[in-house]
Amino acid sequence: MRTTTLPCLAACLFAWAYAPAILAAEPRDAPEFTETAPAAWINSPPLHLAGLRGKVVLIDVWTFECWNCYRSFPWLKSVEARFGPEGLVVVGVHSPEFDRERDPASVAAKVHEFGLDHPVMIDKDMRYWKALGNRFWPAFYLIDRQGRIRERFVGETHSGEPQAQRIEAAIAGLLAEGGAAS
C-alpha cells in the first residue's frame, strides 16, 4: 500500500503545481448566463454577456460554505479595485454544493456578510456550472472583450502568491489588448 501512495502523492502535487497550465485551453465562447430572473441576481439586474462585450470579465464560481472560496474574497476585492477602473468586471456565480446553500435569502445574506459589491448570479440549479464544465470551488474564468474564455484558474487565491500573480498578469494582458468587440 505504501508503494502506491507515493506515486499518487507525486501526481497530486504535480497537478496542483501546474494546475493553471493544465486548465488553460483554446479560447471558447463563454456560455450565456443561465439566470434571467431579477430574483436570481444580487447587486445587479440580470446581466447578459452581450452587454459586457468590450469589457474583460472575471467570473468567480463559489459557494458560501467553501472556506477556500471566502478566503479568496480579500484578493478578489483588491483585483476588482485595481483593475475595475481599467475595464474589468467581476461577476460572482454562486453554485451550491449543499442543499442548504440553495436558498436565495441565505446567499444574499452571505454576499452582504462577505461585503461583495459586484454582481452575483444565484446558480441554484447548477446550470451555469454545467455550461462552464466546471468542477471546482473556487474557480475563476477570465473572459476577453469578445466574450471568449481565455483562462481558467482554480483554488484559493491570496494577494502576492503565484496563482494571484498569474491571474493578475492575465487580466493585465487582456486589458492591454484593448478594443471592443467588432
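In this predicted model, strand 6 and strand 7 form a hairpin with four residues between them. Within that turn, G147 adopts a positive phi of about 90 degrees. The two strands, of which strand 6 covers residues 139–143, pair in the antiparallel sense over five bridges. One of the facing pairs is F140 with F153, the latter in strand 7.

Strand 7 (residues 148–154) also pairs with strand 1 (residues 28–29), again running antiparallel, through two bridges. Here R28 has I149 of strand 7 as its bridge partner.

The hairpin belongs to an open sheet of seven strands in the order 1-7-6-3-4-5-2, with mixed pairing. Strand 1 and strand 2 (41–42) occupy the edges and have a single partner strand each, so one side of each lacks a neighbour in the sheet. For strand 2 that partner is strand 5 (residues 120–122), to which two bridges join it in the antiparallel sense. In this pairing I42 stands opposite V120 of strand 5. Strands of a sheet pair through backbone hydrogen bonds, in either the parallel or the antiparallel sense.

The antiparallel pairings described above are set out below.

| Strand pair | Bridges | Sense | Example of facing residues |
|---|---|---|---|
| Strand 1 and strand 7 | two bridges | antiparallel | R28 and I149 |
| Strand 6 and strand 7 | five bridges | antiparallel | F140 and F153 |
| Strand 2 and strand 5 | two bridges | antiparallel | I42 and V120 |

Within the sheet, strand 4 (residues 88–94) includes H94. This histidine is buried because its relative accessible area is 0%, against a cut-off of under 20%. A polar atom of the H94 side chain lies 3.0 Å from the backbone nitrogen of F64. Leaving aside residues up to four places away in sequence, H94 touches W62, T63, F64, E101 and V107, together with V120, M121, I122, D123 and K124. V120, listed among these contacts of H94, is also the residue of strand 5 that stands opposite I42.

The structure holds one cavity of 30 Å³ or more. The largest cavity contains about 40 Å³ of space. Its lining consists of L49, L52, R53, K55, V57, I143, D144, R145 and G147. By character, the lining residues divide into four nonpolar, one polar and four charged. G147 thus appears both in the lining of the largest cavity and in the turn of the hairpin, with its positive phi.

Technical notes:
Residues numbered from 1 in each chain as written. Predicted model: local features only at pLDDT ≥ 70, side-chain atom pairs only at ≥ 80, totals over all residues. Heavy atoms only, no water. Buried < 20%, exposed > 50% of the residue type's maximum accessible area, 1.4 Å probe, protein only. Polar contact = N/O pair within 3.5 Å; in protein donor to acceptor, adjacent residues only side chain to side chain. Contact = heavy atoms within 4.5 Å. Pairing = 2+ DSSP bridges. 1 Å grid on protein atoms, 1.4 Å probe; cavity = no way out; pocket = protein on both sides within 12 Å on 5 of 7 lines; lining within 4 Å. Points joined across faces, edges and corners; volume = space filled by probe spheres on them. Nonpolar A, V, L, I, M, F, W, Y, C, P; charged D, E, K, R; others polar.
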